[in-house]
Amino acid sequence: MSKIAILYCKRIQDHSCIACAKCYKGIYERNGEFARYDDIELVAMTDCGDCPGLAVPRMKLLNEVANNLERPIEKLHLGTCIKLAMETAECPIDYDHLKITLEKKFGMDVVLGTHSY
Ligand code: SF4
Ligand code: SF4
């Protein structure tokens, strides 16, 4: 069972995908970036920390909560919404830099994207 968490874009969550229904469906169907897993345990979903790219302090808080609840996060997905924000809406997140920082700081794998719908 892979324990995953998902970050969504604070600016467009509930606008591009209402109630994150697309990621829940994607997990159920092992669609898109979820195809790599046999079993998924969704530990948490939360926002990116907002512009201008405050994902590191956000993940520090989330990681502490997950560890305190004895549900450590193994894989962190940046939602497809964040990927789209980076590609089309001038999101300030530098994915390559953020991935290295989060993997070093918190020891979790970081993946860009979630569902493909
Ligand atoms: S891509 Fe996923 S995390 Fe982002 S808003 Fe859509 S359902 Fe939510
Ligand atoms: S930093 Fe990027 S992902 Fe986060 S709210 Fe701003 S545009 Fe969205």
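Just after helix α3, the residue E90 takes a positive phi of about 60°, where helices (H or I, at least four residues) and strands (E, at least two) are DSSP runs numbered from the N terminus. This is a predicted model, in which local features need pLDDT of at least 70 and side-chain atom pairs count only at pLDDT 80 or more, while totals for chains, interfaces and linings use all residues. Residues are numbered from 1 along each chain as its sequence is written, and chains are lettered from A and ligands numbered from 1 in the order in which they are written.

Helix α3 itself spans residues 80-88, and its buried residues are T80, C81, I82 and A85; a residue is buried if 20 or more other C-beta atoms lie within 10 Å of its own, exposed if 12 or fewer, and partly exposed in between, with C-beta atoms placed from the backbone. The cover over these buried residues includes β1 (2-8) and β3 (75-78).

I82 also appears, with A5, L7 and Y8, among the residues with the most contacts inside the largest nonpolar core, which has 25 residues. Such a core is a set of buried Ala, Val, Leu, Ile, Met, Phe, Trp, Tyr and Cys residues joined through C-beta atoms within 7 Å. Two or more residues of this core are given by each of β1, α1 (21-29), α2 (55-68), β3, α3 and α4 (95-106), and the largest share, five residues, comes from β1. Leaving aside its neighbours within four places in sequence, A5 is in contact with V43, A44, M45, L62, A66, I73 and L76, contact being a distance within 7 Å between C-beta atoms placed from the backbone.

Two residues in loops, neither of them a glycine, also have positive phi values.

| Residue | Phi | Loop |
|---|---|---|
| D14 | about 75° | between β1 and α1 |
| D50 | near 80° | between β2 (40-47) and α2 |

D14 is exposed, because 12 other C-beta atoms lie within 10 Å, and D50 is exposed with 12 other C-beta atoms within 10 Å. The loop between β2 and α2 also holds P52, and the peptide bond from C51 to P52 is cis, with omega near 10°.

C51 is likewise one of the closest residues to ligand 2, together with C9, K10, C48 and C91, in a surrounding set of 13 residues, each counted if its C-beta atom, placed from the backbone, lies within 6 Å. By class, this shell has nine nonpolar, one polar and three charged residues; Ala, Val, Leu, Ile, Met, Phe, Trp, Tyr, Cys and Pro count as nonpolar, Asp, Glu, Lys and Arg as charged, and the others, Gly among them, as polar.

Conventions: Two residues are in contact if their C-beta atoms, placed from the backbone, lie within 7 Å.
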